[in-house]
Amino acid sequence: MGGNANLLRSFSRVEPQTLSFVIFTGCFLISMALLVVSAGSFVSFPSLSSWLSVHAASPVPGAHENFNPHHPDTVNQNENLQRKPLCDTSDRRADICDMEGDIRIHANSSSIFFVTSSNRNTTELQESWRVKPHPRKGDLAALSRVTEMSVGYLSNNEDVLKCDIKSSVPAIIFATGGYMGNFFHETTDLTIPLYITSHKFNGEVQFLISDMLPWWITKYELLLKKLSHYEIIDFNRDPLVRCYPRVIVGVTFHRDMSIDPARSGGVTMFDFGQFIRSSYSLKKERAIKLGANQDKKPRLLIIARKRTRKFTNVDEIARMAEWEGFEPVIGEIKENQSLVEFARIVNSCDAMLGVHGAGLTNLIFLPTNAVVMQVVPLGGLESFCWADYGVPTLEMKMRYLQYSISITESSLVGRYGMTDPVVTNPKVVLDQKDGWRIWTSIYFFNQDVKLDVGRFRSVLVHAHGLLHQ
């Protein structure tokens, strides 16, 4: 009983202090809760993402150093922070899907899946995009030969698409349909966009090519090997499920024959030119610089088109060029000639002359400081010519001259006469019903040029002068 009395006395000494502390603490917490409720608009708490950024560096007991965010049993906590769509369809020329995480490609069904945690709502999991991975968006004729693909989500609790092959490098999926066979379109629609999209990976990327043309692969083998160190996969014939940590569907297009440095991380058409020379082992880096006592003549490549918009007096042009101090080289790639062989011929020259057309695309092989002379046929084509070849020439640090022919230099005079609106006012043709088709038929596909060498002489003199600078 004495022990109990002592215990009671001991408890009596402590309890009043504890009780008052508890009461004080409770009142304080209630007051703070009321303060938060009444002044909620003035009180801010750090977000989870902010907290994580502050505490991310702190080691957590029991955490694994080799944590793998792509492991099937791992929920990727970062996927819900941005919630950005898998595909960007806002560009007028190309739809691009860029995904990072656990990406699975089922080529047999032309499907690409982004594997996501099951905590996404049903609406998000049902989102999907249908894209054609070629930068001729809106051009029904070009895209008629391009396979449509489906891009969407796959919940990670749906164990229905197991990986046959897991890759540690990213993948780019694109199509070689469209207007392949035309060197301008091969370059502006595919080679340049593929360079823009893939150069940043320094070869550590794999290409999956849809609608693959064997001759195209052979023609551009050196470029493809420079951009990717891995086997090329024929998308339409691939029976496997391939898994990648990142997949880009489509290639980025800026402008015809052009790269926008603001959108490419600073990469320019000049960089593209260096890449081309490196890929084809082209030796000539800079065009000749003529001196006062120099006997060597600059080489002038005259593009001799075989079909439409060809020079009908190419030999006379060559003689005039030689008279003005050039060594003329007449050429256009032959049917059985390899691209690399013709590229070396182009690269050996210091200047190029041609009527507006795909042949001028060979300027990508010219050395820095070369001179490009573009002849503009009838049809009001000046702005097209400037955009397609004038701008790229300057962006590749070359010099550019543009020559618009007179009425008498066009073969259309012989067909329509000197006073016909087709000759004197091409805009009238465009104003007709179905004007664009008629306009292209007349001025692009049914016109040749007989260059007035006397009138053109001043352009050659100017070009020769530029090579002194």
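A cavity is a set of grid points where a 1.4 Å probe fits but cannot get out, whereas a pocket is an open set. The model described here is predicted.

**Enclosed space**

Two cavities of 30 Å³ or more are counted. The largest cavity holds about 60 Å³ of space. Its lining consists of L190, T191, L194, W216, Y220, L223, L224 and L227. Helix 6 and helix 8 are the elements that each give two or more residues to this lining.

The second largest cavity has a volume of about 30 Å³. Around the second largest cavity lie F183, T191, Y220, L223, I276, Y280, L339, I364 and F365. T191, Y220 and L223 appear in the lining of the largest cavity and also in that of the second largest cavity.

**Open space**

The largest pocket contains about 1400 Å³ of space. Helix 6 (183-198), helix 7 (214-219), helix 8 (221-227), helix 11 (339-347), helix 12 (382-395) and helix 16 (435-443) each supply two or more residues to its lining. In total, 42 residues line the largest pocket, and G181, N182, F183, F184 and A358 lie nearest its centre. F183 is thus named for the largest pocket and for the second largest cavity.

**Classes of lining residues**

The table sets out the linings by residue class.

| Space | Nonpolar | Polar | Charged |
|---|---|---|---|
| Largest pocket | 17 residues | twelve residues | 13 residues |
| Largest cavity | seven residues | one residue | no residues |
| Second largest cavity | eight residues | one residue | no residues |

Charged residues are absent from the lining of the largest cavity and from that of the second largest cavity, while the lining of the largest pocket has 13.

Technical notes
Residues are numbered from 1 along each chain as its sequence is written. This is a predicted model: local features need pLDDT of at least 70, side-chain atom pairs count only at pLDDT 80 or more; totals for chains, interfaces and linings use all residues. Side-chain values use heavy atoms; hydrogens and water are left out. On a 1 Å grid over the protein atoms alone, a cavity is a set of points where a 1.4 Å probe fits but cannot get out, and a pocket is an open set with protein on both sides within 12 Å along at least five of seven lines; lining residues have an atom within 4 Å of a point. Grid points are joined across faces, edges and corners, and a volume is the space filled by probe spheres set on the points. Helices (H or I, at least four residues) and strands (E, at least two) are DSSP runs, numbered from the N terminus. Ala, Val, Leu, Ile, Met, Phe, Trp, Tyr, Cys and Pro count as nonpolar, Asp, Glu, Lys and Arg as charged, and the others, Gly among them, as polar.
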